[in-house]
Amino acid sequence: MIKRIISTLFKAIYSVISIFNLQLALLVLVVGLVVYLTGAMNNPTVKLIFDGAFILSVVFAILLTIKKLLGIGKSPKKSKGVQVVNTEQTVQQAQPVQPVVATPIIQSQTVAPETPVYYRVKGNDNYVMAEYSDKYELFLITDGGLKKVRTDFKN
């Protein structure tokens, strides 16, 4: 029980330090404590340097926190390795080399094949991914068309 309380307390302290970017200010405080314990803080020059460093670290933490809150300099959210490709040309190119035609269960009804959404794999333009409602299919782009690499089923 005490271990859990201490662990929660340390996690909360770490969260506050991270949210408000207080790592540098905390480091300056620890160095100042060591300088104070050695007795060097009695020197006015050392005290002036410590005070200046502490003020600068606090200002730096405030500026970083404001930057984080306003989202300044934030890079766009990274995708998970695929990019949506909406061009008609890519959809035509991305047709499987050997399309699989499902036979309907009831002969009197015609079942239209599902049209997948095509994605180009980010970081490797030689691959195209087709997303169906129940699976993903990965294709390698070759000179003769697309070569099916694998199928991953959704859970």
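How many residues does helix α1 have, and how far does helix α1 reach from its first C-alpha to its last? The points below take this up first and then move along the chain.

1. The model is predicted. Helix α1, residues 2–19, has 18 residues and reaches 26 Å from its first C-alpha to its last. That span is close to the 26 Å expected at 1.5 Å a residue. After α1 comes N21, whose phi is positive, near 55°.

2. On the overall layout, the protein chain has four helices and five strands. Their order along the sequence is α-α-α-β-α-β-β-β-β.

3. On burial and surface, 17% of the 155 residues in the protein chain are buried. The accessible surface of the chain comes to about 12,700 Å². Carbon and sulfur atoms account for 65% of that surface. Among the contacts with a separation of 6 or more, 36% are between residues 24 or more positions apart.

4. Which residues does T65 touch, leaving aside those up to four places away in sequence? They are I19, F20 and N21. T65 lies in helix α3, residues 44–70, while I19 is the last residue of α1, which covers residues 2–19. N21 is the residue with the positive phi that follows α1. T65 has a relative accessible area of 12%, and so it is buried, the cut-off for buried being under 20%.

5. Helix α3 also holds a salt bridge, between the side chains of D51 and K47, at 3.6 Å from N to O. Both residues lie in α3, four residues apart, which is about one turn of the helix. An α-helix has 3.6 residues a turn, so residues three or four places apart point the same way. Side chains of opposite charge can pair when their charged atoms come close. D51 is partly exposed at a relative accessible area of 30%, and K47 is partly exposed at 40%.

6. Strand β3, residues 127–131, pairs with a strand on either side of it in sequence. Strand β2, residues 117–121, runs antiparallel to β3 and is joined to it by four bridges. One of the pairings sets Y119 against M129 in β3. The two strands form a hairpin with five residues between them. In the turn, G123 has a positive phi of about 90°.

7. Five bridges join β3 to strand β4, residues 135–142, and these strands are antiparallel as well. Y127 has L140 in β4 as its bridge partner. Here the hairpin connection runs through three residues.

8. Is strand β3 mostly covered or mostly open? It is mostly covered, with four of its five residues buried. E131 of β3 counts as buried, at 18% relative accessibility.

9. E131 also takes part in a salt bridge: its side chain meets that of K154 at 3.0 Å, N to O. K154 lies in the segment after β5 and E131 in strand β3, so the pair ties together parts that are 23 residues apart in sequence. K154 is partly exposed, with a relative accessible area of 32%, whereas E131 is buried.

10. Strand β5 covers residues 145–153 and includes L146. L146 is buried, its relative accessible area being 4%. From C-alpha to C-alpha, L146 and V128 are 8.5 Å apart, and they are 18 residues apart in sequence.

11. D152 forms a salt bridge with R150, with the closest N and O atoms 3.0 Å apart. D152 counts as partly exposed at 32% relative accessibility, and R150 counts as partly exposed at 49%. In a regular strand the side chains alternate between the two faces of the sheet.

12. How many salt bridges does a search of the whole structure find? It finds five. Besides the pairs described above, K135, E137 and K148 are linked in a network of salt bridges.

Key. Residues numbered from 1 in each chain as written. Predicted model: local features only at pLDDT ≥ 70, side-chain atom pairs only at ≥ 80, totals over all residues. Heavy atoms only, no water. Buried < 20%, exposed > 50% of the residue type's maximum accessible area, 1.4 Å probe, protein only. Contact = heavy atoms within 4.5 Å. Areas by Shrake-Rupley, 256 points an atom, 1.4 Å probe, with all protein chains shown as cover. Pairing = 2+ DSSP bridges. Expected span 1.5 Å × (residues − 1). Salt bridge = Lys/Arg side-chain N within 4 Å of Asp/Glu carboxyl O.
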